[in-house]
Amino acid sequence: MVRTILAIVVIVLSGYSLITQTFELMPYYMFILGAFILASGFVELQKDRKGFWGYMNIVISLFIFIFYIPYFL
């Protein structure tokens, strides 16, 4: 449920940015994208697929959060 809502928000924000050619919403878009990837990683780990992609999604989302925190401060 949460992943679906986050995916819809990411698609809407990216579509808006592409149509209007304004990129002021890019930090918010990246933050929500990081939250979506983090949720996907947790879902993969909860499904007892403790493989590579669950952990990789969590690492990628942390990378996004670390590098986009200065845009929010």
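This report describes a nonpolar surface patch and the aromatic pairs of a predicted model.

**Surface patch**

M1, V2, I5 and V9 together make a nonpolar patch of about 420 Å² on the surface. One of these residues, I5, belongs to helix α1, which spans residues 2-20. The relative accessibility of I5 is 47%, so this residue counts as partly exposed.

**Aromatic pairs**

The model has 3 aromatic pairs, counted by the distance between ring centres, which must lie within 6.5 Å. Two of the pairs, F31 with F65 and F52 with W53, are set out in the table.

| Pair | Centre to centre | Angle between planes | Class |
|---|---|---|---|
| F31 and F65 | 5.4 Å | 50 degrees | tilted |
| F52 and W53 | 5.0 Å | 75 degrees | edge-to-face |

The F31 and F65 pair counts as tilted because its planes stand at 50 degrees, while planes under 30 degrees apart would be stacked and those over 60 edge-to-face. This pair links distant parts of the chain, with the two positions 34 residues apart in numbering. F31 sits in helix α2 (residues 26-46), and F65 sits in helix α3 (residues 52-72).

The two partners fall into separate accessibility classes: F31 is partly exposed, at a relative accessible area of 43%, whereas F65 is buried, at 18% relative accessibility. The cut-off for buried is under 20% relative accessible area.

In the edge-to-face pair, both F52 and W53 are exposed.

Note on methods: Residues numbered from 1 in each chain as written. Predicted model: local features only at pLDDT ≥ 70, side-chain atom pairs only at ≥ 80, totals over all residues. Heavy atoms only, no water. Patch = residues over 30% accessible without salt bridge, like charges linked within 9 Å, V, L, I, M, F, W, Y side chains within 5 Å. Areas by Shrake-Rupley, 256 points an atom, 1.4 Å probe, with all protein chains shown as cover. Salt bridge = Lys/Arg side-chain N within 4 Å of Asp/Glu carboxyl O. Helix = DSSP H or I, 4+ residues; strand = E, 2+ residues; numbered from the N terminus. Buried < 20%, exposed > 50% of the residue type's maximum accessible area, 1.4 Å probe, protein only. Phe/Tyr/Trp six-rings, centres within 6.5 Å; stacked < 30°, edge-to-face > 60°.
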